[in-house]
Amino acid sequence: MRKSNSRLIGSVAYFPERYGEQLIALALDLLTQRVPVPNAVFIKHQLITPGNLKQHYGREMQTAKTA
């Protein structure tokens with residue numbers, strides 16, 4: 001997507017490194033029975049496009065340039 005002639009117009013970022021925070025909260029709710037636990041849990045994903053690529057992966061892009 002960084003190349004101007006790329007045919008790739010977008011990709012979905014799943015950010016598995018962010019799952020833990022929501023899963024811990026869900027597990028605590030299950031263990032303490034504080035609130036009814038939903039049948040399904042939505043984890044937010046992000047459509048990555050050339051326009052927002054740097055916003056989400058700017059640091060990784062800098063590392064790739066220096067490597």
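Helices here are DSSP runs of H or I with at least four residues, strands are E runs of at least two, and both are numbered from the N terminus. Residues are numbered from 1 along each chain as its sequence is written. You're looking at a predicted model, where local features need pLDDT of at least 70, side-chain atom pairs count only at pLDDT 80 or more, and totals for chains, interfaces and linings use all residues; side-chain values use heavy atoms, with hydrogens and water left out.

**The whole chain**

Start with a cartoon view. The protein chain has two helices and two strands, and from the N terminus on they run β-α-β-α. Now colour by accessibility: of the 67 residues, 13% are buried, meaning under 20% relative accessible area with a 1.4 Å probe and protein chains only, while exposed is over 50% and partly exposed is in between. As for contacts (heavy atoms within 4.5 Å), take those between residues at least 6 apart in sequence: 58% of them join residues at least 24 apart.

**Stop 1: Phe 15**

Select Phe 15, in the loop between strand S1 (11-13) and H1. Check its backbone: phi is near 50°, a positive value in a residue other than glycine. Most residues other than glycine have a negative phi. Phe 15 is also buried, because its relative accessible area is 5%.

**Stop 2: helix H1**

Move on to residues 19-32, helix H1. How far apart are its end C-alpha atoms? They are 20 Å apart, and that agrees with the 20 Å span expected for 14 residues at 1.5 Å a residue (the expected span is 1.5 Å times one less than the number of residues). Just after H1, click on Gln 33, where phi is again positive, at about 50°.

**Stop 3: the largest pocket**

Show a surface and select Tyr 14, Phe 15, Arg 18, Tyr 19, Glu 21, Gln 22, Ile 43, Lys 44, His 45 and Gln 46, the lining of the largest pocket. A pocket is an open set of points on a 1 Å grid over the protein atoms alone, where a 1.4 Å probe fits, with protein on both sides within 12 Å along at least five of seven lines; lining residues have an atom within 4 Å of a point. The volume is about 170 Å³, counted as the space filled by probe spheres set on the points. H1 supplies the largest share of the lining, three residues. By class, the lining has four nonpolar, three polar and three charged residues.

**Stop 4: Ile 48**

Jump to strand S2, where Ile 48 sits. Ile 48 counts as buried because its relative accessible area is 3%. Draw a distance to Ser 11: the two are 37 residues apart in sequence, yet 5.2 Å apart in space, C-alpha to C-alpha. Leaving aside neighbours within four places in sequence, the contacts of Ile 48 include Met 1, Ile 9, Gly 10, Ala 13 and Leu 53.

**Stop 5: Tyr 57**

Another contact of Ile 48 is Tyr 57, which lies in helix H2. Buried or partly exposed? Tyr 57 is partly exposed, since its relative accessibility is 26%. Not counting residues up to four places away in sequence, Tyr 57 touches Ala 13, Phe 15 and Ile 48, so you can step back to the first stop from here.

**Stop 6: Asn 52**

Finish in the loop between strand S2 (46-48) and helix H2 (53-66), at Asn 52. Asn 52 is buried, with a relative accessible area of 12%. Show the side chain: it reaches the backbone nitrogen of Thr 49 at 2.7 Å. Beyond residues up to four places away in sequence, Asn 52 touches Gln 46 and Leu 47.

Note on methods. Nonpolar A, V, L, I, M, F, W, Y, C, P; charged D, E, K, R; others polar. Polar contact = N/O pair within 3.5 Å; in protein donor to acceptor, adjacent residues only side chain to side chain.
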